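Me: I should like a close look at a single part of this model, set out as one connected account. Please begin from the part itself and then move outward to the rest of the chain.

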Amino acid sequence: MATVRWGVIGSGGIAARRTIPEAQQMVSNAQIVSVMNRTAERAREVAEQFGIPHWCDTERELLEQDLDAVYIATPQHLHCRQTVQAAQAGKHILCEKPMAVSMHEVHQMESACTKAGVKFMVGFCMRNNVYNRKARELVQSGALGQIVMGRAQLTCWYPPIPGAWRQDISRSHGGALIDMGTHCLDLLEWIMGARIVEVAGFQDRMTHQYPTKIEDASTIVVRLSNGSHGIVDNYFNLPDAAAQNMLELHGTKGSIVGQGTIGQDPTGTMFSIIQSEETGYSAEQVRDVAAGREEYHLEGKGIYGQMVETFSRCILEGREPPAGLEDGRRSVRLVEAIYRAVAEKRVVRVVDA
Ligand SMILES: NC(=O)c1ccc[n+]([C@@H]2O[C@H](COP(=O)([O-])OP(=O)(O)OC[C@H]3O[C@@H](n4cnc5c(N)ncnc54)[C@H](O)[C@@H]3O)[C@@H](O)[C@H]2O)c1
């Protein structure tokens, strides 16, 4: 079988925890041939751990290798520079979310990829969770009737850590929203098949004393282009053991409730309650919770490995990736609109340019 030859830029964090091992275990159309980290020691460790033949500590050396594609998994303030470099070297790019920290950077990345004729995909891997896919299928089949409201939540416990780039606004460009909310915003639009057109909300530094001003709590309300509403809630101050990471979709014929389907694991639970026929108005508001209830038991597989497999297939078959430049650009635009809405304490309209 034809394989895509991959290099990894920023081999230490999520790359070493999830993407490299999952790609090696489950993906037959990809081969990781080189890893790069700003720390040579970390690059070497990861190469040895996963039996990768080449490692280095500069982008230049990595890009000189015989590669078709790179996976960029560095802190987000580096994504633009590294994407432009990789595109200029003619490599296809799978870039972690958020693709960039400003629209200015997005434009630079788009123009570099277009000019070089290389493919670009953003790491919106939570679309690969089997329950999130099922939820999308149900919503888009019309099973919930008119869609009224969607909620996507992702939380973790993230106390102050000296030197952590996520806690330094000059590198992260935000807190819980840019880190975790980007997945949730993307999922809501992708599942509901509509675009977020208005945003408002609250963000606070409620619990943690980080060295710079990033929010540990972000509760955002949105309106979508189909008229439905949404909530995207992200917290760095809830215990991991208590994390529910709820996915909720409510419509005129019923609801879907997922728990733990938004996160790094390919697992979770999900049920739907869908009413077969319209009932009349009931002043008693009788709730027969068993009627129309269905539990889903689905087999999931590594969502990071699937991302590598999908992008490799797009390269081999000359197809456009499912979460490409347009979706990456939208995500950055939404994040900018939300931070503006919160700072200015108002509803901001999201305008696609
Ligand atoms: N899709 C997801 O579910 C998911 C999950 C986690 C992180 N992420 C994203 O991945 C990116 C990295 O996050 P992380 O949690 O892995 O961070 P991390 O700090 O754990 O790991 C980043 C790695 O990049 C290396 N690095 C830093 N500067 C570098 C440079 N100039 N050149 C090469 N390597 C460099 C670091 O040494 C480290 O090994 C972020 O944009 C984050 O939002 C996505």
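Which residue takes a positive phi just after helix 4, and what is its approximate value? Please describe the surroundings of that helix as well.

Reply: The model is a predicted one. Just after helix 4, the residue with a positive phi is Gly 90, and the angle is about 80°.

The helix that precedes this glycine spans residues 79-88, and its buried residues are His 79, Cys 80, Gln 82, Thr 83, Ala 86 and Ala 87. Several elements take part in covering these buried residues of helix 4. Among the helices, helix 3 (59-63) and helix 5 (103-116) contribute to the cover. Among the strands, strand 1 (4-9), strand 4 (69-72) and strand 5 (92-95) do so.

Gly 90 appears again in the surroundings of Val 118, a residue of the loop between helix 5 and strand 6 (120-122). Apart from neighbours within four places in sequence, Val 118 is in contact with Ala 87, Gly 90, Lys 91, His 92, Ile 93 and Cys 113. Two of the residues already named, Ala 87 of helix 4 and Gly 90 just after that helix, are thus among the contacts of Val 118. Val 118 has 21 other C-beta atoms within 10 Å and is therefore buried, the threshold being 20 or more. A further approach involves a distant part of the sequence: Val 118 and Ile 315 are 197 residues apart along the chain, yet their C-alpha atoms lie 9.1 Å apart.

Strand 5 and helix 5, both part of the cover of helix 4, are joined by a loop that holds Pro 98. The peptide bond leading from Lys 97 to Pro 98 is cis, with omega near -15°. As for the ligand, 22 residues surround it, and those that come nearest are Gly 10, Gly 12, Gly 13, Arg 38 and Glu 96. By class, the shell around the ligand comprises 8 nonpolar, 9 polar and 5 charged residues.

The wider setting is given by the division of the chain into domains. Domain 1 consists of 4-124 together with 304-322, while domain 2 consists of 130-262, 267-300 and 333-349. The centres of the two domains, taken over C-alpha atoms, are separated by 28 Å. Across the boundary, 8 residues of domain 1 are in contact with 11 residues of domain 2. The side of domain 1 that touches domain 2 is made up of 5 nonpolar residues, 2 polar and 1 charged.

A helix pair may be set beside this account. The axes of helix 6 (residues 130-141) and helix 8 (residues 176-192) come within 8 Å and cross at roughly 40°. Helix 6 is therefore oblique to helix 8. On the side of helix 6, the contact is formed by Asn 132, Ala 135, Arg 136 and Val 139, and on the side of helix 8 by Leu 187, Trp 190, Ile 191 and Met 192. Sorted by class, this contact has 6 nonpolar, 1 polar and 1 charged residues.

Positive phi values also arise in residues other than glycine. Asn 245, which is not a glycine, has a phi of about 45°. Asn 245 is placed in the loop between strand 10 (229-235) and strand 11 (246-251), and it is buried because 23 other C-beta atoms lie within 10 Å. Lys 345 likewise has a positive phi, near 50°. Lys 345 belongs to the loop between helix 10 (325-344) and strand 15 (348-349), but it counts as exposed because it has 9 C-beta neighbours inside 10 Å.

Two other exposed loop residues complete the survey. Gly 163 is in the loop between strand 7 (147-155) and helix 7 (169-172), and with 7 other C-beta atoms within 10 Å it is exposed. Its C-alpha atom lies 9.3 Å from that of Pro 211, a residue 48 positions away in sequence. Glu 278 is in the loop between strand 13 (269-274) and strand 14 (293-296), and it counts as exposed with 8 C-beta neighbours inside 10 Å. The C-alpha atoms of Glu 278 and Lys 253 are 7.5 Å apart, with these positions 25 residues apart along the chain.

Conventions:
Residues numbered from 1 in each chain as written. Predicted model: local features only at pLDDT ≥ 70, side-chain atom pairs only at ≥ 80, totals over all residues. Near = placed C-beta within 6 Å. Nonpolar A, V, L, I, M, F, W, Y, C, P; charged D, E, K, R; others polar. Helix = DSSP H or I, 4+ residues; strand = E, 2+ residues; numbered from the N terminus. Buried ≥ 20, exposed ≤ 12 C-beta atoms within 10 Å, placed from the backbone. Domains from an automatic or database assignment. Contact = placed C-beta atoms within 7 Å. Axes fitted to C-alpha atoms, helices over the stretch in contact; angles between N-to-C directions. Parallel < 35°, antiparallel > 145°, perpendicular 65-115°, else oblique.
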